[in-house]
Amino acid sequence: MKFSRLYLALVFFILYMPIFYLIYYSFNSGGTMHHFESFTLDWYKEVFDDTRLLIIVLHTMIIALLSSSLATIIGVFGAIAIYYAKHRWKQTLLTLNNILIVSPDVIIGASFLILFTIAGIQLGFTSVLLSHIAFSIPIVVLMVLPKLQEMSPTFIDAARDLGANEWNVFTKVVLPYITPGIFAGFFMALTYSLDDFAVTFFVTGNGFSTLSVEIYSLARQGISLSVNALSTLLFLFTLSLVVVYYVMTQRASVKGGQK
Amino acid sequence: MDDRVIIRFDHVTKQYDHDLPVLDDVSFEIERGKFYTLLGPSGCGKTTILRLIAGFIEPTKGDIYFHEKRINNVPANKRQVNTVFQDYALFPHLNVFENVAFGLRIKKMPKADIERKVKEALRFVNLEGYEQRAIHEMSGGQRQRVAIARAIVNEPDVLLLDEPLSALDLKLRTEMQYELRELQRRLGITFIFVTHDQEEALAMSDEIFVLNKGKIEQRGTPKDIYDEPVNRFVADFIGESNIISGTMIDDFVVEFANQQFTCVDHGFAKNERVDIVIRPEDLELTTIEHGKLHVRVDSVLFRGVHYELCCYDAYGNEWLVHSTKKAEIGDEIGLHFEPEAIHVMKQSGGE
């Protein structure tokens with residue numbers, strides 16, 4: 001018992017150590033990652049002074065919000081389509097959906113690059129947005145479908161019995177019921193989009209860049225600790241998203257816990 | 001057609017794919033203001049009838065009329081019937097008030113009217129003051145009432161109840177039987193109640209339809225069905241009874257257990273093979289000399305209001321007796337019964 005706890009603590013320590021190491025040196029006035037001189041916020045100041053970087057942050061946010069919103073809408077309808085599909089098709093569709101989630105980002109990125117080149121879509125904002133929407137949809141489907149499946153089909157009968165047409169059934173019964181799943185899907189899509197590197201790296205171009213791609217190229221140059229500062233900020237932002245998501249699902253499960 | 005008739009099934013068949021029909025060429029009328037019960041074992045087609053009336057499914061063959069208008073293809077949301085579901089199907093994201101108000105909001109009724117009607121409906125089912133409760137805060141019996149309020153607030157012509165009491169415990173179930181019956185009287189609308197519990201059916205209904213394998217075996221008042229079952233299946237399903245084969249010797253004379261008895265039945269062919277029903281409560285314990293049947297007690301159970309005796313006669317027929325008198329296992333006793341206690345039925349195949 002005691003040993004297993006120690007083991008867990010060790011695993012988490014090893015997993016998080018590099019991140020904390022990176023965060024620690026983002027406050028280093030020395031300018032290197034091996035000797036801590038004194039505390040400074042200069043690197044953060046540098047990040048905020050760099051307008052090019054701020055524009056990239058803005059782009060990343062826009063891409064993330066836009067792609068996850070659109071992916072959520074498409075994914076919800078996709079989940080509903082799978083839910084209503086005939087049994088044999090249901091399994092096939094679900095498998096196709098899951099393959100997209102587990103297949104390596106590099107392959108998805110490369111295939112998108114080929115697709116966009118053939119289709120003549122210029123690499124840049126549009127291509128990044130489209131590919132982010134595409135890899136987010138299966139995630140949304142995966143989060144929404146279980147909610148639909150746990151919903152008793154008599155809810156739909158009951159609503160129709162009370163005079164609801166198809167649209168009423170959808171907006172007043174199905175949608176409210178699966179809302180927790182929709183939010184979960186949206187937040188998952190948001191975090192996937194925010195920290196995606198591989199796919200974006202393939203399909204971006206024309207000077208358009210997102211944070212992870214930018215951090216990668218800065219890190220390769222390997223000089224400035226402003227990369228550390230930027231990474232820290234990104235880490236904190238993702239962390240806050242996870243916390244928000246956690247609080248929301250907690251509240252939802254308390255509300256709908258007893259059935 | 002009689003204008004009391006509200007629903008009419010005209011040779012209705014329901015079949016899924018190429019399976020056996022779940023409902024096989026069924027015709028009947030439902031009149032306004034009565035309490036009907038569809039009774040039968042699971043898979044007999046009772047819920048199918050309910051779903052056909054509600055409009056969740058369409059008949060494969062035949063026609064359904066509502067106020068003499070054919071409604072085969074009218075969708076559920078356009079029918080003046082409401083359903084109380086077996087699992088209640090209350091919407092978990094809405095509170096009690098909003099659940100009951102659901103149908104009225106769909107109809108876009110003015111807010112003040114909705115408020116008044118929902119309160120009235122909740123008062124009808126004794127749930128005043130529970131408006132703001134969440135569904136998961138309500139007990140099983142209360143959810144049941146919310147489901148009923150949600151249905152009756154729409155003032156349907158017919159209320160359909162799909163085994164609504166099956167999820168409740170025994171005491172609550174008996175209570176709700178009284179309440180439902182009372183509710184039907186006060187509202188004056190038609191109730192169609194589906195159950196597999198014969199006691200429930202007998203206690204509540206004006207009329208019972210006994211169903212088996214997609215067909216109506218018998219319809220009639222609870223008393224008709226209990227006293228005059230048309231065949232072995234109905235007699236067996238509607239209550240504990242002694243069913244044995246016999247021969248109709250002549251009008252008013254029947255032979256079973258190797259003896260001839262006077263009875264009140266007639267109109268059978270001479271020497272026709274028949275089934276005989278004698279209810280356990282119609283058999284009376286007596287001495288061997290006074291008894292019409294000579295049996296040996298095989299087991300005795302105390303059931304509270306009576307003893308349940310299981311006896312065998314010399315020919316191996318089992319006789320179930322409900323008696324306030326007690327007998328010991330192994331006793332040789334006589335059983336007495338009146339001619340009216342014998343009920344003769346045509347023999348049917350099966351069962």
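**Figure 1. Chain A of this predicted model has 11 helices and 0 strands.** Read along the sequence, chain A runs α-α-α-α-α-α-α-α-α-α-α. The C-alpha trace of chain A spans about 70 × 60 × 35 Å along its principal axes. Chain A holds 259 residues, and 32% of them count as buried. Contacts across the sequence also mark this chain. Among contacts in chain A with a separation of 6 or more, 77% come from residues 24 or more positions apart.

**Figure 2. Helix 3 and helix 8 of chain A pack against each other.** Helix 3 of chain A covers residues 51-84, and helix 8 of chain A covers residues 166-194. Their axes lie 8 Å apart, at an angle of about 140°. The crossing of helix 3 of chain A past helix 8 of chain A is right-handed.

**Figure 3. A closer view shows the residues that join helix 3 of chain A to helix 8 of chain A.** Helix 3 of chain A contributes T60(A), I63(A), A64(A), S67(A), S68(A), A71(A), T72(A), G75(A) and V76(A). From helix 8 of chain A come I182(A), G185(A), F186(A), A189(A), L190(A), S193(A) and L194(A). What kinds of residue make up this contact of helix 3 of chain A with helix 8 of chain A? There are 9 nonpolar residues and 7 polar ones, with no charged residue.

**Figure 4. Chain A meets chain B through 18 residues of chain A and 18 residues of chain B.** On the side of chain A that touches chain B, two elements give two or more residues: helix 7 (154-161) and helix 8 of chain A. Which of the helices of chain A gives the largest share of this side? Helix 7 of chain A does, with 6 residues. The side of chain A that touches chain B divides into 7 nonpolar, 7 polar and 4 charged residues. Helix 8 of chain A thus appears in two views: it packs with helix 3 of chain A, and it gives residues to the side that touches chain B.

**Figure 5. Chain B, the partner chain, has 8 helices and 20 strands.** The C-alpha trace of chain B spans about 80 × 45 × 35 Å along its principal axes. Chain B has 351 residues, of which 38% are buried. Contacts in chain B between residues at least 6 apart in sequence were also sorted by separation. Of these, 66% join residues at least 24 apart.

Conventions. Residues are numbered from 1 along each chain as its sequence is written. Chains are lettered from A and ligands numbered from 1 in the order in which they are written. This is a predicted model: local features need pLDDT of at least 70, side-chain atom pairs count only at pLDDT 80 or more; totals for chains, interfaces and linings use all residues. Helices (H or I, at least four residues) and strands (E, at least two) are DSSP runs, numbered from the N terminus. A residue is buried if 20 or more other C-beta atoms lie within 10 Å of its own, exposed if 12 or fewer, and partly exposed in between; C-beta atoms are placed from the backbone. Two residues are in contact if their C-beta atoms, placed from the backbone, lie within 7 Å. Axes are lines fitted to C-alpha atoms, for helices over the stretch in contact, and angles run from 0 to 180 degrees between N-to-C directions. A crossing is left-handed if the near helix is turned anticlockwise from the far one by less than a right angle, and right-handed if clockwise. Ala, Val, Leu, Ile, Met, Phe, Trp, Tyr, Cys and Pro count as nonpolar, Asp, Glu, Lys and Arg as charged, and the others, Gly among them, as polar.
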